[in-house]
Amino acid sequence: MPRVPKSKNDGDIVDYVQAELAKVADESKAPEMQAYMKTDMPFYGVQKPDRLPIIRGMKANFRPASRFEYEQTIRRLWDLPYREEKYLALNYACEFVSLAEPKTLVLFEALVREGSWWDFVDVIAGHLVGAIYLKYRDEIEQHMDRWIVDDDFWIRRTAILSQMKHKKSTDAKRLFAYCLAQAGEKEFFIRKAIGWALREYSYAEPAAVKKFLLANKNRLSPLSFKEGAKHLVKVGVMDA
């Protein structure tokens with residue numbers, strides 16, 4: 001995706017984020033955070049509770065005036081080198097996700113491909129792509145249908161998890177089709193995503209998920225089945 005020029009407001013938020021992270025940075029925590037995320041990307045050593053005031057500051061002081069400014073600011077923050085800066089880019093995206101439109105999928109897809117790890121991808125899938133999907137379903141269904149067969153398994157994971165917060169508004173037919181399309185996948189993050197998506201939907205429609213799980217037990221991996229049935233077992237709808 002081509003980079004866009006920096007605006008005055010966007011430059012201000014970058015300065016703000018870097019300054020605030022530097023104030024609470026803890027170099028002693030950085031190696032542990034790197035190890036947990038299995039990455040060489042540098043950390044300030046700022047854990048989530050200490051990032052919350054920064055998120056509130058971004059929301060209060062850097063409200064985007066348009067979709068263009070929204071996307072531009074996300075990209076500018078994301079392009080910074082530290083992982084917490086990228087987390088804050090996604091936090092900013094979530095705070096103002098009402099500005100996202102189908103065209104914003106170009107940016108979110110790029111972030112998934114560049115991030116390529118669960119801490120980034122799951123936020124993008126559930127909170128960002130999911131919000132666009134719910135609001136503009138008819139416009140992006142075919143887009144999501146392409147994602148579920150993409151060569152990049154993180155894009156496929158995003159397609160599976162994109163309806164996680166839709167509850168009773170979930171397009172069950174499409175969710176189940178996506179789960180079956182990837183049922184034979186060996187990749188752990190796909191198998192886990194299938195189970196997670198089914199489990200989340202089971203809170204809204206337990207009977208539908210139970211029927212799907214039992215009908216497709218031989219096609220789903222043991223991990224996907226177990227994760228998908230977890231809530232149903234807990235509430236006594238299915239046997240362990």
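**View 1. Helix α7 contributes six residues to the lining of the largest pocket, the largest share from any element.** In this predicted model, the largest pocket has a volume of about 630 Å³ and is lined by 23 residues, of which Lys48, Arg51, Trp118, Asp119 and Val123 lie nearest its centre. The elements that give two or more residues to this lining are α2 (30-37), α3 (48-61), α5 (83-95), α7 and α11 (188-204).

**View 2. Helix α7 carries a kink of about 35°, centred on Ala125.** The helix runs over residues 118-135, and because each of its 18 residues is expected to add 1.5 Å, a span of 26 Å should result, which agrees with the 24 Å that separates its end C-alpha atoms. Ala125 is itself among the buried residues of α7, which also include Asp119, Phe120, Asp122, Leu128 and Tyr133.

**View 3. Tyr70 belongs to the residues with the most contacts inside the largest nonpolar core.** This core has 74 residues, and Met58, Leu77, Tyr92, Phe108 and Leu213 are likewise listed with Tyr70 for the most contacts inside it. Leaving aside residues up to four places away in sequence, Tyr70 touches Tyr92 and Phe108, and its other partners include Pro64, Phe96, Thr104 and Leu128; Leu128 is one of the buried residues of α7.

**View 4. The largest cavity encloses about 50 Å³ of space.** Its lining is formed by Ile160, Gln163, Met164, Lys167, Thr170, Leu175, Ala197, Glu200 and Tyr201, with the largest share, three residues, coming from α11. Helix α11 (188-204) also gives two or more residues to the lining of the largest pocket.

How values were computed
Residues numbered from 1 in each chain as written. Predicted model: local features only at pLDDT ≥ 70, side-chain atom pairs only at ≥ 80, totals over all residues. Heavy atoms only, no water. Helix = DSSP H or I, 4+ residues; strand = E, 2+ residues; numbered from the N terminus. Expected span 1.5 Å × (residues − 1). Bend = angle between axes of the 7 residues up to and from the residue. Buried < 20%, exposed > 50% of the residue type's maximum accessible area, 1.4 Å probe, protein only. Core = buried A, V, L, I, M, F, W, Y, C linked by side-chain atoms within 4.5 Å. Contact = heavy atoms within 4.5 Å. 1 Å grid on protein atoms, 1.4 Å probe; cavity = no way out; pocket = protein on both sides within 12 Å on 5 of 7 lines; lining within 4 Å. Points joined across faces, edges and corners; volume = space filled by probe spheres on them.
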